[in-house]
Amino acid sequence: MRETINVPQAEIERQREFMRLVEKLPERPHSYHIVSMGCQMNERDSETVAGMLEAMGMARQPVREAADLILYNTCCVRENAENKALGNVIWLKELKKDRPELMICVGGCMTQEKGMAAMMKQRYPFIDLVYGTHNLYKLPEYIYRVITEKHPVVEVMDIDGEVVEGLPERRKKHFSAFVNIMYGCDNFCTYCIVPYVRGRERSREPEAILAECVRLQDEGAQEIMLLGQNVNSYRGGGAAFAELLYRVDRLGIPRIRFMTSHPKDLSDELIHAYGELKHLMPQLHLPVQAGSDEILRRMNRRYTREHYLELVRRLRGVCPDIGLTSDIIVGFPGETQAQFEETMSLVREVRYDAAYTFIYSPRTGTPAAKMPDDTPYEVKSERIQRLIELQQAISLEVLEKQVGTRQRVLVEAASTRDAGSVGGKTPRGHMVNFPGGPELIGTFADVEIVSAGRNTLRGRRIIQDG
Ligand code: SAH
Ligand code: SF4
Ligand code: F3S
């Protein structure tokens, strides 16, 4: 973990000056549309981008084709994410034929891949701006240059290790907010590209995090999600993650969650926190990736199956009702049928509330991409299918157990499926839909669970009389 080095405030002021300059340019874009791909890290970055674009006088345009500026915040964690991003961007070329004044910007993890920016510059000259994950704060300057110099800007920086504070932001929801606590990743799991595109681990100062939480609380936040690729290795101002969590808990925001946790760094203190902290929700995303020790070793995960299962037992000992979720990779190079069966048996043993399952995707530059892999794709497909079916059956059983219980739900949105219904999450993170109007969004509702579906619960609101 690196020491925290903040980008100097003078540089942030300089960027704010560019925001004012762009706002005054008559030929600048007047509306923007952001497409955010990938994980919560990117979603949070998109909120910062939105804040900067609005400070430049642009208004959010919900219809992509109607926006003056379209920005793709890309992901490259798997090949299909990358293909999707590139496919979308190439399609924009057609749009630009009809509307030459359209400004196209591409940033995020994909542009940070080795050789990618150069390739984009050469093959997609219709893209006005390509930037990376380490220079997002320079967006105002780059947009100013694109408009005034009238040619594309391609700038991706290799240096990393800095933390940026004090940029504008436009949050998606006021009642539930993401708060970054650290950036980057030093774990180098052999399949993963994230450490290469997001850089080395660095933590924000606890004071900056707490100040942000207090501000969000004043603005009405009911829920905070602390974000980092590996929150357990947080170290800001000498404080470990569990310490930070205790401090955030004392603020009194009703719900605290965090992600993602690496099992190798899950501390005793953090496990205890589940038994002690009032606002920490009984939910933990603890990706296991695989159930075989040999595969875990080759993934460089640095824990064993038994160690992981022991963590699960201890977490449940402290917090019996904790909802655990996971990420699982199927078909890692050389995974045998027997090793895959170990993943199946681990899933049966842990009984996750939900699991995100992926077929291994080779990423250029990672060690696993060079490992021999002779398992045919069809076999990997069959394996993941079996795993998905197993997890779906478990998820349904877990959800069915909730029927008849009363749950406090933080209402997030109107239901897209049932008119006149809204949806939100229970403390454990289960999604519940129940009849109610949009005025409930952002508030807590007490709900009785009446039935369980595959991924969601249905409920009935309990109106307390008297
Ligand atoms: N920092 C988090 C999230 C990383 S990306 C963590 O460590 O859990 C989210 C998930 O994508 C990972 O947990 C992993 O399951 C999956 N993933 C990463 N690289 C992958 C690859 N090359 N192929 C398939 N899945 C991958
Ligand atoms: Fe990737 Fe592993 Fe870091 Fe997660 S912990 S981001 S899977 S390298
Ligand atoms: Fe994708 Fe980057 Fe997140 S690669 S998963 S958007 S950190």
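This briefing describes the domains, the two ligand surroundings and some backbone features of one protein chain. The structure is a predicted model. The chain is divided into four parts: domain 1 (9–155), domain 2 (173–281), domain 3 (286–401) and domain 4 (406–461). Ligand 1 lies between domain 2 and domain 3, because both of these domains give residues to the shell around it.

**Surroundings of ligand 1**

- There are 14 residues around ligand 1, and those that come nearest are R78, Q229, Q289, D327 and S361.
- By class, this shell is made up of seven nonpolar, four polar and three charged residues.
- The side chain of Q229 has an N or O atom 2.8 Å from a nitrogen atom of ligand 1.
- The side chain of Q289 has an N or O atom 2.7 Å from an oxygen atom of ligand 1.
- At Y191 the backbone takes part instead, with a polar backbone atom 3.0 Å from a nitrogen atom of ligand 1.
- On its own, ligand 1 has 540 Å² of accessible area, and the protein covers 89% of that area.
- Strand 17 (323–330) and strand 18 (354–359) are the elements that give two or more residues to the shell around ligand 1.

**Surroundings of ligand 2**

- Ligand 2 is surrounded by residues that include the cysteines C185, C189 and C192.
- Also around ligand 2 are N187, F188, Y191, V194, P195, Q229, H262 and R301.
- The shell around ligand 2 divides by class into seven nonpolar residues, three polar residues and one charged residue.
- Q229 belongs to the surroundings of ligand 2 and is also among the residues that come nearest to ligand 1.
- Y191 is likewise part of the shell around ligand 2, while its backbone has a polar atom 3.0 Å from ligand 1.

**Domain 3 and domain 4**

- The C-alpha centres of these two domains are 29 Å apart.
- Ten residues of domain 3 are in contact with eight residues of domain 4.
- Between them, the two domains bury about 750 Å², of which 54% is on carbon and sulfur atoms.
- On the domain 3 side, D353, Q392 and L399 lose the most area to domain 4, and together they account for 60% of what that side buries.

**Backbone features**

- F188, one of the residues around ligand 2, has a positive phi of about 45° although it is not a glycine.
- F188 is located in the loop between strand 10 (182–183) and helix 6 (194–198).
- A cis peptide bond leads from M259 to T260, with omega near 5°.
- T260 is in the loop that lies between strand 15 (255–259) and helix 9 (268–276).

Note on methods. Residues numbered from 1 in each chain as written. Chains lettered and ligands numbered in written order. Predicted model: local features only at pLDDT ≥ 70, side-chain atom pairs only at ≥ 80, totals over all residues. Heavy atoms only, no water. Near = heavy atom within 4 Å. Nonpolar A, V, L, I, M, F, W, Y, C, P; charged D, E, K, R; others polar. Polar contact = N/O pair within 3.5 Å; in protein donor to acceptor, adjacent residues only side chain to side chain. Areas by Shrake-Rupley, 256 points an atom, 1.4 Å probe, with all protein chains shown as cover. Helix = DSSP H or I, 4+ residues; strand = E, 2+ residues; numbered from the N terminus. Domains from an automatic or database assignment. Contact = heavy atoms within 4.5 Å. Buried area = accessible area lost by both parts, 1.4 Å probe.
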